[in-house]
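Student: I am new to this structure and would like a close look at its interior. Please take me through it slowly, and then show me how the parts around it are arranged.

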Amino acid sequence: AKQDEAVANITAASGSLISRLDELRDRRQELRSTLDELQRRAGQTDGAAAPPALQSELDETRYELDLVEAQAQGTTASLTDLELQAELAAVGEARMVQVAGPPRSTSNTPVPVLVAMGILLGLLVGIGLAVLVEAFDRTIKTAGDVVDVADLPVLASVPRPSRRSAAEPAFAIVEDSEGLVANAYHKVRSSLEFVGLESDIRSVMVTSANASEGKSTTSSNLALAFASVGNQTVLIDVDFRRPRLHELYQIDHSPGLSDYILYGAAMGQVAHPLHEAGIEEMRIIPSGTVPPSPAALIGTKRFQETIDWIVSQAEMVTLDAPPLLAVPDALTLGQLVDAVVITVRAGQTTKDELREVIGMLRQVNAKLAGVVLIGVSEADSYGKGYRAQAVPVRPSEPVNGASGLWADGGQPAATAVGGRR
């Protein structure tokens, strides 16, 4: 009897809620129709603001509509609850159908399987990311990448300096003469001397696509490599905008080459002799005072005559030129020397940049000797386990009275690698 009474009460309450919900739905429909009419009248004002009375009526209608919507939602929720209570009341007391027991096996995937799947998924994602990175990475990493870009030989692959080495990379030839870096630069020297058997190479310009790609380090080591086998060598900084050699060798920035050409400084004042064990004849000429227009200076006949004269008085002249994609100076300089060496930093220089540099130099008929790849791993460098051998392939006696090169003026104080005097 109590169960029937409960069901009857719930049914009566449900009927009352249904009637209330019907009333709310009817009122909601009326309000929506009224709101549509008011909005139509407001839209006939040709863009002007609706009259205050009309706007007030619009606001009131919207407010009442929102209120009716909320009441209808609440009534619907209450009706749902009553329907659930009616079903429960109709069931009455519950009875046990079956005794529940522990499951014989887990429904989840075993942990070892999950771990294996996670490892496999991680490997697949890692491989996929690696493939994507490699596909979009346009930088040069190996000698093979250089060969793919241009038909130029890789003169040497210079490894990254070892963390255990205290040697300054720019002076590897003398500070770590048996190391892999020194060996690589001796290989560059040997390659240039081999090329020079057919066409005499007395001057070399070293340039790069961008800054910080190893051109000054290569210029320094290449000059030291030639000097270490008895060649009378001159190292000249022709990067007038951002000179670097005077900092490496800790010598005065000026007077330098520009002071000799523009302001009459004596060659003996601008050419700094290097005194280092195993280095008998080497001079460093800094860039000097920054000229008003470096490009204009490099293009003068006086500049060309100066370089030609220095080359005639020495056995090897190495020019540290500015990066080509930054300024066009190297295009003019490349026409004044017997060979041009391009440095490329692994993982930094892009294939497009190297291709552009080579194209620009070939347009001016520069004599490209090859590429030096900087910063490769020791495994990718040539000569691991070999000692760098400094064996001269040309006689070391002066050419055209080389001693006269430094006679016109007071000698600057002799320097050593890293500025040790």
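Tutor: What follows begins with the whole chain, moves into the core, and then turns outward to the loops and the pocket.

This is a predicted model, in which local features need pLDDT (the predictor's confidence in each residue, from 0 to 100) of at least 70 and side-chain atom pairs count only at pLDDT 80 or more, while totals for chains, interfaces and linings use all residues. Residues are numbered from 1 along each chain as its sequence is written, and side-chain values use heavy atoms, with hydrogens and water left out.

The mean pLDDT of the protein is 82, and 80% of its residues reach 70 or more. Residues 383-404 stay under 50, and for this stretch the model has 48 contacts (heavy atoms within 4.5 Å) beyond four places in sequence. The protein has 14 helices and eight strands, which are DSSP runs numbered from the N terminus, with helices (H or I) of at least four residues and strands (E) of at least two. Of its 421 residues, 42% are buried, where buried means under 20% relative accessible area, exposed means over 50%, and partly exposed lies in between, using a 1.4 Å probe and protein chains only. Among contacts between residues at least 6 apart in sequence, 82% join residues at least 24 apart.

Now to the interior itself. The largest nonpolar core (a set of buried Ala, Val, Leu, Ile, Met, Phe, Trp, Tyr and Cys residues joined through side-chain atoms within 4.5 Å) has 48 residues, and those with the most contacts inside it are Ile236, Val238, Ile285, Phe303, Leu319, Ile342 and Leu361. A second core of 37 residues is separate from that one and includes Ala170, Phe171, Tyr185 and Ala369.

Phe303 is a good residue to follow through the core. Phe303 belongs to helix H12, which covers residues 301-313, and it counts as buried because its relative accessibility is 0%. Once residues up to four places away in sequence are set aside, Phe303 touches Val238, Phe240, Leu257, Ile261, Leu297, Ile298, Leu333 and Leu336. One of these partners, Leu333, is 30 residues from Phe303 in sequence, and their C-alpha atoms are 9.9 Å apart in space. Leu361, also listed among the residues with the most contacts inside the core, touches Leu324, Ala330, Leu331, Val340, Ile342, Ala366 and Leu368, again without residues up to four places away in sequence.

Ser258 lies in helix H9, residues 257-262, and its relative accessible area of 0% is why it is buried. Beyond its neighbours within four places in sequence, Ser258 is in contact with Phe240, Tyr263, Ser287, Gly288, Thr289 and Leu297. Pro255 sits in the loop between helix H8 (245-249) and H9, and the peptide bond leading into it from Ser254 is cis, with omega near 5°. Most residues other than glycine have a negative phi, and most peptide bonds are trans.

Loops elsewhere bring in further residues. Val229, in the loop between H7 and strand E3 (233-237), is buried because its relative accessibility is 5%; the C-alpha atoms of Val229 and Glu281, 52 residues apart along the chain, are separated by 9.9 Å. Pro328, in the loop between strand E6 (316-320) and helix H13 (329-334), counts as partly exposed because its relative accessibility is 48%. Asn365, in the loop between helix H14 (351-363) and strand E8 (368-376), has a positive phi near 60° although it is not a glycine, and its 65% relative accessibility makes it exposed.

Finally, the largest pocket has a volume of about 390 Å³. Of its 18 lining residues, Ala211, Ser212, Lys215, Ser216 and Arg242 are the closest to its centre. Here a pocket is an open set of points on a 1 Å grid over the protein atoms alone, where a 1.4 Å probe fits, with protein on both sides within 12 Å along at least five of seven lines, and lining residues have an atom within 4 Å of a point. Grid points are joined across faces, edges and corners, and the volume is the space filled by probe spheres set on them. Helix H7 (residues 215-228) gives the largest share of the lining, three residues. Ser212 lies in the loop between strand E2 (203-208) and H7, has a positive phi of about 65°, and is exposed because its relative accessibility is 59%.
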